[in-house]
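Open your viewer, switch to a cartoon view and keep the selection tool handy. We will go from stop to stop, picking a few residues each time.

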Amino acid sequence: MEKDNAIQTIIEEVFSRYTDGSYIKASMLPDLDLYVDQITTFLTRHLSKTTRFEDDKIMTKTMINNYTKNHLLPPPDRKKYSRDHILLMIFIYYFKNFLPISDIQTILGPLTDKYFHKDTELNLESIYTTLFSKEDIFVHEILENVMAQFHMSEDLFPDAPKEDQESLREFTFICMLCLDIYIKKQVIEAILDKRPKTK
């Protein structure tokens, strides 16, 4: 039971990263355009809590250059990146953990074409703000689902040798989480496969 409590603590610690307003609000974005080194510093400062290891890179100059080369990011203006560039980089940062570049391009391409650097009421910043204003609701629902899976795994293997029960329950819980990710990823892929590919 001690191991189960440890897993519950891990779940709570992970979710606390997303329930304390840790995302980058549009109001936190710099008003001035930034050079690439300033961008990497800004993103590292605000997203460091989301990394697994201390020396993990949030975004590097090479990454940003590659995203521009692969048309994920519009080119900078005289080597400077705007607020809209930063918003796209934030989306890329989260997406790249489980989607290939080609899928991210399919997702962001239409958004960039229609809303990047648009001086209208509905623009990239307003879309970002609306989406992240619902973050607390999304995170709470995901936490409830994860905890339900955790409690389900706690009740399994009652007849297994006592010394094996904890590891089997942990393995089951990991499998449940993996299945959840796998199915949701397939839903994303099915949606993207029906979209025309961007060039």
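Here is a short tour of some helices, aromatic pairs and one helix residue. Keep in mind along the way that this is a predicted model.

**Stop 1: two helices side by side**

Select residues 83-95, which are helix α4, and residues 101-115, which are helix α5. How do their axes meet? They come within 11 Å and cross at roughly 165°. Angles over 145 degrees count as roughly antiparallel, and α4 and α5 are therefore roughly antiparallel to each other. The crossing of α4 past α5 is right-handed.

Now show side chains where the two helices touch. From α4, pick Asp84, Leu88, Phe91, Ile92 and Phe95; from α5, pick Ile104, Ile107, Leu108, Leu111, Thr112 and Tyr115. Colour this contact by class and you will find 9 nonpolar residues, 1 polar and 1 charged.

**Stop 2: the aromatic residues**

Stay with Phe91 in α4 and add Phe95, Tyr128 and Phe132: these four form one aromatic cluster. How many aromatic pairs does the whole structure hold? A search finds 6. One of them is Phe91 with Phe132: the ring centres are 6.3 Å apart and the planes lie at 40°, so this pair is tilted. The two residues come from distant parts of the chain, with Phe91 in helix α4 and Phe132 in helix α6 (residues 124-133), 41 residues apart. Are they buried or exposed? Both Phe91 and Phe132 are buried.

Next, select Phe150 and Phe173. This aromatic pair is edge-to-face, with 5.5 Å from centre to centre and 70° between the planes. Phe150 sits in helix α7 (residues 135-154) and Phe173 in helix α8 (residues 162-193), so the pair ties together parts that are 23 residues apart in sequence. Turn on a surface and look for these two: Phe150 is buried, with a relative accessible area of 1%, and Phe173 is buried too, at 5%.

**Stop 3: a residue in α2**

Finally, select residues 36-47, helix α2, and find Thr44 within that helix. Is Thr44 buried, exposed or in between? Its relative accessible area is 37%. Since buried means under 20% and exposed means over 50%, Thr44 counts as partly exposed. Then add Lys57 and draw a line from C-alpha to C-alpha: Thr44 and Lys57 are 7.6 Å apart in space and 13 residues apart in sequence.

Methods
Residues are numbered from 1 along each chain as its sequence is written. This is a predicted model: local features need pLDDT of at least 70, side-chain atom pairs count only at pLDDT 80 or more; totals for chains, interfaces and linings use all residues. Side-chain values use heavy atoms; hydrogens and water are left out. Axes are lines fitted to C-alpha atoms, for helices over the stretch in contact, and angles run from 0 to 180 degrees between N-to-C directions. Helices (H or I, at least four residues) and strands (E, at least two) are DSSP runs, numbered from the N terminus. Angles under 35 degrees count as roughly parallel, over 145 as roughly antiparallel, 65 to 115 as roughly perpendicular and the rest as oblique. A crossing is left-handed if the near helix is turned anticlockwise from the far one by less than a right angle, and right-handed if clockwise. Contact means heavy atoms within 4.5 Å. Ala, Val, Leu, Ile, Met, Phe, Trp, Tyr, Cys and Pro count as nonpolar, Asp, Glu, Lys and Arg as charged, and the others, Gly among them, as polar. Buried means under 20% relative accessible area, exposed over 50%, partly exposed in between (1.4 Å probe, protein chains only). Rings of Phe, Tyr and Trp (its six-membered ring) pair if their centres lie within 6.5 Å; planes under 30 degrees apart count as stacked, over 60 as edge-to-face and the rest as tilted.
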